[in-house]
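The following paragraphs lead through the structure displayed below. They start from a local feature, turn to the overall fold, and end with further elements.

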Amino acid sequence: MLKVYGIKNCDSVRKAIKYLKSHTIPHEFVDFRETPVSEVEVNEWLKHTDIKTLFNTRGTTYRTLKLKELNLSDDDKQTWLSKENMLIKRPVITFNDNIIVGYNKSQYLEKLQKI
């Protein structure tokens with residue numbers, strides 16, 4: 001089953017869910033705030049994408065925590081993703097050992113029509 005991870009009030013997540021519904025692609029939504037993503041899940045995602053793609057440096061949480069000043073290593077970023085899910089770029093869509101991070105219509109067209 002295709003899963004969409006994110007938060008309900010995120011514009012990118014809403015666009016992704018709208019896309020899935022309009023193309024009648026069944027999916028399950030997982031809200032980070034209600035069901036935090038574990039370190040195991042983050043590590044699994046990082047087998048399919050890189051830390052730069054998954055780690056959101058443009059969000060409020062990143063700025064609020066002043067993480068830029070810490071000059072984090074990739075391992076540090078991975079640890080932060082597990083303990084602060086709001087640092088994960090949204091949405092994360094997982095399916096059949098694949099992952100798509102962010103709202104990217106061209107990737108959706110390419111990868112999701114095969115489902």
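In this predicted model, a convenient point of entry is the pairing of strand β3, residues 92-95, with strand β4, residues 98-101: the two run antiparallel and are joined by four bridges. Within this pairing, Ile93 has Ile100 of β4 as its bridge partner. Two residues lie between the strands of the hairpin, and Asn96 adopts a positive phi near 40° there.

The hairpin may now be placed in the whole chain. The protein contains six helices and four strands, and their order along the sequence is β-α-β-α-α-α-α-β-β-α. With a radius of gyration of 14 Å, close to the 13 Å that the globule rule gives for 115 residues, the protein is therefore as compact as a globular protein of that length. Taken along the principal axes, the box filled by the C-alpha atoms is roughly 45 × 25 × 25 Å.

The contacts and the surface add to this description. If one considers the contacts between residues at least 6 apart in sequence, 62% of them join residues at least 24 apart. Of the 115 residues, 42% are buried, where buried denotes a relative accessible area under 20%. The accessible surface amounts to about 7200 Å², and carbon and sulfur atoms account for 45% of that area. As regards charge, there are 20 positive and 15 negative side chains; the centres of these two sets are 9 Å apart.

Attention may then turn to the other strand pair. Strand β1, which spans residues 2-6, is mostly covered, with four of its five residues buried. Five bridges connect β1 to strand β2, residues 27-31, and these two strands run parallel, whereas β3 and β4 run antiparallel. One of the residue pairs in the parallel arrangement is formed by Lys3 and its bridge partner in β2, Glu28.

Finally, the helices deserve a closer view. Which residues of helix α5, residues 74-83, are buried? They are Lys77, Trp80, Leu81 and Ser82. The cover over the buried residues of α5 includes two other helices, α2 at residues 39-45 and α3 at residues 51-54.

Taken together, the model presents a parallel pairing of β1 with β2, an antiparallel hairpin of β3 and β4, and a helix, α5, whose buried residues are covered in part by α2 and α3.

Methods:
Residues are numbered from 1 along each chain as its sequence is written. This is a predicted model: local features need pLDDT of at least 70, side-chain atom pairs count only at pLDDT 80 or more; totals for chains, interfaces and linings use all residues. Side-chain values use heavy atoms; hydrogens and water are left out. Two strands pair if DSSP finds at least two bridges between them. The radius of gyration is taken over C-alpha atoms; the globule rule is 2.2 Å times the number of residues to the power 0.38. Buried means under 20% relative accessible area, exposed over 50%, partly exposed in between (1.4 Å probe, protein chains only). Contact means heavy atoms within 4.5 Å. Accessible areas come from the Shrake-Rupley method with a 1.4 Å probe; for residues, only the protein chains shown count as cover. Lys and Arg count as positive and Asp and Glu as negative; His and the chain ends are not counted. The place of a charge is taken as NZ of Lys, CZ of Arg, CG of Asp or CD of Glu.
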